[in-house]
Each structure stands twice: as C-alpha cells, then as structure tokens.
Amino acid sequence: MTQNTPAPTDRTRLRRMHERGQYDADSIHSILDATPICTVAYVIDGKPYATPTIQWREGNHVYWHGSSASRMLKASAGHEVCLNVTLTDGFVMARSAMHHSVNYRSAMLFGTAHKVEDPDEKAARLKAFVEGLFPGRWDMLRPPTTQEMKATTVLGMEIDEAAAKVRTGPPGDDEADYALPIWAGVLPIRSEFLPPDPDPRNLAGVKMPDHIRNFQFG
Ligand SMILES: Cc1cc2nc3c(=O)[nH]c(=O)nc-3n(C[C@H](O)[C@H](O)[C@H](O)COP(=O)(O)OP(=O)(O)OC[C@H]3O[C@@H](n4cnc5c(N)ncnc54)[C@H](O)[C@@H]3O)c2cc1C
C-alpha cells in the first residue's frame, strides 16, 4: 500500500456499512499509532485463536513480540495472520434497541508474519518499540542479555492488505422514531493515564524520568 492510494482487495473490501471503510495508509497508520493494544488471529491445527498483545509500527510494517516459547508467535511466524486494533470512542444510544451502536476506529490487517532473525535488526526493532512509547528509556535501562534476546521473538508484517472501519457521530434512527420522547445521543469513552505509582523498591533519590512524568500517547 502506498500513501494516499486506497487499494481494497477482495478480502478487505467492506460489504457491511462500506461507507465506513478507509483503505489509505494514513488512516490505517493513525489507528495503529493510537494504541499499542492489538489482537492477532492465527490458526493452530485447523483451530482459530485470537490473542491480545502489543504492536508497534515502523513505516509500513507492524511488529509484535513475546516469549520465544509463545504458541501465538510460533504459529504465526511464516504464516498468514489477521491483526486487529480497535479503539472505542463512544456508546451510541438510539431510540430503538436496533440502532444502538458504538463509535469506533478499527483497523484489520492481513498478511504473512515474518520472524526478525538478524540479531542487530531484532535489537533495533525492540529499541524502537520501547522508544516509541517512552523516548529516552532504552538507553537508561540495563542492556538485554544474550539469553534474554534469545528468549524473545519479534515478528513483523508488511502493511499491504488492510482496511479501517470508522464510525462517528450521533445515532441513525428511523425517521419516525425522532418524534419519540426518548433520550438519544453518544456516551463518549476516553482512556486516560493516571498519576504514576512508583515501585516501593525504587532506590532513594531515583527521579521519575520525563518520559513517565510527561507521558502522552497517540
Ligand atoms: C467496538 C465495535 C463494536 C461492534 N459491534 C458490532 C455488533 O454488535 N454487531 C455487528 O454485527 N458488528 C459490530 N461491529 C462491526 C464489526 O466489526 C463488523 O464490521 C461487522 O460485523 C461486519 O462484519 P462482516 O464480516 O459482515 O464484514 P464485511 O464487510 O464482510 O468485511 C469485509 C472486510 O472488511 C473489513 N472489515 C470488516 N469489519 C471491519 C472492522 N470492524 N474494522 C476494520 N476492517 C473491517 C475486513 O477487511 C473484512 O475482511 C463492531 C465493531 C467494533 C469495532
């Protein structure tokens, strides 16, 4: 997928509520960048699994990682997966049960996951993951050991087959129902970070870094 070149495939073309579909890289990237939480779907022995995990984006690639023993990672490497990121923005309260809905931004990506084998590239990807969330943190940490790096698998996937589906705005009720004395509207949803909770085992005098104090996401 190239910037500003919407390119739905037969698999990504929205049938239901197709007007909510967006296929351009900016739309997909902005949803991936708005939360690290994703779900990866894959198949083991013909059975589907959908595992929540954390993703990060670098250019037109999405990455995720975990224990080298993870079944999710072992079953995904070299195989087709579907990765989804969803943000919920509000409950949509309509005048009939049928028209209740959710305001959301959702991206669904298809592709073949590849294992990042090269040790230097793997370290660079993991550093980008940490630095993307917490600028300056990687270099203040104890460096990963060889054993820790071996125990970690990083998977990547090119973002070349993806769709975003986005709902915004008030409910869409049946015209006749607007005459009913029923409250309707949107109950907005916001995730927020609360004040940091220091580890009781922090050493005396160790200051909270700016990337924690000033943390912002998205
Ligand atoms: C928070 C939330 C709540 C929802 N609640 C409901 C609900 O209660 N009932 C319900 O039926 N649907 C709900 N949806 C919408 C749901 O995700 C599907 O879009 C819808 O069910 C249509 O599915 P389908 O298989 O017929 O889609 P199709 O239109 O046939 O899908 C074709 C292709 O469009 C793309 N696509 C479809 N849905 C999405 C999506 N959500 N995000 C990104 N790409 C997509 C995919 O590439 C898919 O392969 C909800 C979505 C979200 C994010």
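For surface patches, I take residues with over 30% relative accessible area and no salt bridge, and nonpolar side chains are joined within 5 Å. A reminder to myself: this is a predicted model.

**Entry 1, nonpolar patch.** With that rule I looked for greasy surface and noted a patch of about 260 Å², made by Phe91, Leu187 and Ile189. I then checked where Phe91 sits, and found it in strand 5, which covers residues 80-93. Is Phe91 buried or exposed? Neither, quite: its relative accessibility is 43%, so I put Phe91 down as partly exposed.

**Entry 2, disulfides.** I searched the whole structure and got zero disulfides. Why no bond at Cys38? The closest cysteine sulfur belongs to Cys82 and lies 10 Å away, which is too far for a bond. My cut-off for a disulfide is a pair of sulfur atoms within 2.5 Å. Looking from the other end, Cys82 has Cys38 as its closest cysteine sulfur, again at 10 Å. I also looked up the cover on both: Cys38 is buried at 1% relative accessible area, and Cys82 is buried too, at 18%. I count a residue as buried under 20%, so Cys82 makes the cut.

**Entry 3, helix 1.** Next I went to helix 1, residues 25-34, and found it mostly covered, with seven of its 10 residues buried. Which ones are buried? I listed Ala25, Ser27, Ile28, His29, Ile31, Leu32 and Ala34. Then I asked what these buried residues pack against. My list has strand 1 (21-22), strand 3 (47-58), strand 5, strand 6 (101-112) and strand 9 (162-167). Strand 5 had already come up in my notes as the place of Phe91.

How values were computed
Residues are numbered from 1 along each chain as its sequence is written. This is a predicted model: local features need pLDDT of at least 70, side-chain atom pairs count only at pLDDT 80 or more; totals for chains, interfaces and linings use all residues. Side-chain values use heavy atoms; hydrogens and water are left out. Patches are made of residues with over 30% relative accessible area and no salt bridge: like charges are joined within 9 Å, nonpolar side chains (Val, Leu, Ile, Met, Phe, Trp, Tyr) within 5 Å. Accessible areas come from the Shrake-Rupley method with a 1.4 Å probe; for residues, only the protein chains shown count as cover. A salt bridge is a side-chain nitrogen of Lys or Arg within 4 Å of a carboxyl oxygen of Asp or Glu. Helices (H or I, at least four residues) and strands (E, at least two) are DSSP runs, numbered from the N terminus. Buried means under 20% relative accessible area, exposed over 50%, partly exposed in between (1.4 Å probe, protein chains only). Contact means heavy atoms within 4.5 Å.
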